[in-house]
Structure formats: structure tokens, C-alpha cells
Amino acid sequence: LVYLKRPKLGTAYDTISKRVADLVCELEPQGAFGELGQVTLSVDGTGVGRAVVDMLDAEFKRRGSTSKAVPKVDFRRVSVTGSQTTLKRPTRTDGYWAVPKKDLVFPAVAAFQRGQIRIAKGIKDRDALVNELRNYKRTTNIATGNLAFEPWRESEHDDLLFATCLSLWGWQTRRGQTTLRIIR
């Protein structure tokens with residue numbers, strides 16, 4: 001994991017969407033002849049996240065109409081569900097992938113535990129992500145058998161961990177993987 005940043009609380013969504021688009025354009029791969037590559041971007045479109053998805057979509061369209069330096073973006077709009085059923089293939093409705101939260105969280109937590117994902121030194125929010133990993137817990141409702149994922153303390157954040165989970169999911173699904181591969 002080479003980049004991670006938590007915007008300041010209260011940052012406007014349009015500011016965030018512009019910064020994300022800037023990052024995608026900065027990180028975009030180029031071929032040997034300067035041709036633009038493709039970037040996979042997974043975004044949580046659950047609840048108020050739909051507004052952010054719409055802003056990002058509009059930002060990329062605006063940039064694409066005014067510049068040739070915009071990469072092709074495989075935009076993975078994700079609607080996180082509480083489903084307890086693991087899907088062999090996530091379903092897609094109205095442009096949104098319906099993904100159970102456990103299918104996002106389990107692979108990422110396992111990858112961190114196995115050392116398959118490493119957090120680069122020097123990342124500003126590194127300690128915050130490590131703290132989120134330490135404080136995250138899975139609970140099971142005894143009556144229903146349903147799983148829930150939440151920070152250990154109610155006041156703790158989990159947004160950095162969740163963003164990492166979304167990124168890993170997008171990377172895996174882009175490559176059609178059903179099992180976790182080592183990321184180096």
C-alpha cells in the first residue's frame with residue numbers, strides 16, 4: 001500500500017472528487033509510446049456515497065472532454081450490502097456492484113494477517129490504518145447467525161481500512177480472481 005490519505009473532516013465532496021481524479025491522472029500507467037492505460041477505481045456508492053460517485057463520474061467526463069491526458073477508468077461503483085451469502089460473482093444492478101461487506105473485509109484482513117499486503121513506511125496515515133485494523137472486530141448475532149463488522153469502540157473510524165478493502169476488491173475482480181493473490 002503506497003498511498004493513503006484521510007481528508008479532513010468536513011471537506012466538501014466536490015473537493016474530494018477533484019483530488020481523487022487528480023490522483024488517478026497522476027498514477028495512471030503509460031505505455032512505452034505514451035499511450036494511456038487503464039485504472040480501476042472502486043468507490044463506495046452506498047447511501048450518501050452515491051453523491052460522491054456522481055461527482056466523480058462528472059469530474060472524469062469533464063476532464064475527458066477537455067484533455068487527452070485522462071486515463072480510461074474502470075469505475076467500480078459498489079453498493080455494500082449486509083448479505084450473509086458469499087457470492088461467487090457479485091451482481092451488478094444499475095451500474096452498481098452489490099457486494100456483501102464480509103466479502104470486502106475478510107480478504108483484506110486476511111491479506112494483512114498473512115503479510116500479503118504491506119503498508120509502506122512514510123505514509124502519513126499509516127498509524128491510523130494500523131489502529132483501525134487493531135480495533136476492527138467481527139460479531140455474530142447468536143439468534144440469527146448474521147455477522148457484523150465494526151470498530152471496537154463506537155467513536156473509532158474505519159474509513160481507511162474500508163477504502164483499502166474496496167481497493168483490494170476492485171483489483172481482484174478486475175483480474176477475475178476468486179482467491180487472494182500475493183501483492184508485492
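# Exercises on a predicted protein model

In the hairpin formed by β3 and β4, two residues lie between the strands, and Asp94 adopts a positive phi near 55°. The model is a predicted one.

**Exercise 1.** State how β3 and β4 pair, and which residue of β4 stands opposite Thr91.

*Solution.*
1. β3 and β4 are joined in the antiparallel sense, over three bridges.
2. Opposite Thr91 stands Ala98 of β4.
3. The link between these strands is the hairpin with two residues between them, where Asp94 has its positive phi.

**Exercise 2.** Work out the strand order of the sheet that contains β3 and β4, and find which strands stand at its edges.

*Solution.*
1. Start from β1 (residues 38-44): seven bridges connect it to β2, and the two run parallel. Val39 faces Val73 of β2, and Asp44 faces Val78 of β2.
2. Go on from β2 to β4 (residues 96-100): this pair is also parallel, with five bridges. Here Val80 stands opposite Val99, and Thr81 stands opposite Pro100.
3. Add the antiparallel pair of β3 and β4.
4. The result is an open sheet of four strands, ordered β1-β2-β4-β3, and its pairing is mixed.
5. β1 and β3 (91-93) each have a single partner strand, so these two are the edges and one side of each lacks a neighbour in the sheet.
6. On average, neighbouring strands of the sheet are turned by 35° against each other, direction ignored.

**Exercise 3.** Decide whether β2 and β4 are mostly buried or exposed, and name the helix that lies across them.

*Solution.*
1. A residue counts as buried when its relative accessible area is under 20%.
2. In β2 (residues 72-81), seven of the ten residues are buried, so the strand is largely enclosed by the rest of the structure.
3. In β4, four of the five residues are buried, and the strand is mostly covered.
4. Helix α3 (residues 101-114) lies across β2 and β4 and runs at about 65° to β4.
5. As a background figure, 34% of the 184 residues in the protein chain count as buried.

**Exercise 4.** Determine how the buried residues of helix α4 are arranged around its axis.

*Solution.*
1. The buried residues in α4 (residues 126-135) are Leu129, Glu132 and Asn135.
2. Viewed down the axis of α4, they fall within an arc of 130°, so they line one face of the helix.
3. An α-helix has 3.6 residues a turn, so residues three or four places apart point the same way.
4. Asp127 and Arg134, on the other side of α4, are exposed.

**Exercise 5.** Find how many disulfides the structure holds, and classify Cys25 and Cys165 by exposure.

*Solution.*
1. Searching the whole structure gives zero disulfides.
2. Cys25 has a relative accessible area of 22% and is partly exposed.
3. Cys165 has 1% relative accessibility and is buried.

**Exercise 6.** Describe the protein chain as a whole: its elements, its contacts and its surface.

*Solution.*
1. The protein chain has five helices and six strands. From the N terminus, their sequence is α-β-α-β-β-β-α-α-β-β-α.
2. Among contacts with a separation of 6 or more, 59% are between residues 24 or more positions apart.
3. The exposed area is about 11,600 Å², with 52% of it supplied by carbon and sulfur atoms.

Definitions and conventions. Residues numbered from 1 in each chain as written. Predicted model: local features only at pLDDT ≥ 70, side-chain atom pairs only at ≥ 80, totals over all residues. Heavy atoms only, no water. Buried < 20%, exposed > 50% of the residue type's maximum accessible area, 1.4 Å probe, protein only. Contact = heavy atoms within 4.5 Å. Areas by Shrake-Rupley, 256 points an atom, 1.4 Å probe, with all protein chains shown as cover. Pairing = 2+ DSSP bridges. Axes fitted to C-alpha atoms, helices over the stretch in contact; angles between N-to-C directions. Arc of directions from axis to C-beta. Disulfide = S-S within 2.5 Å.
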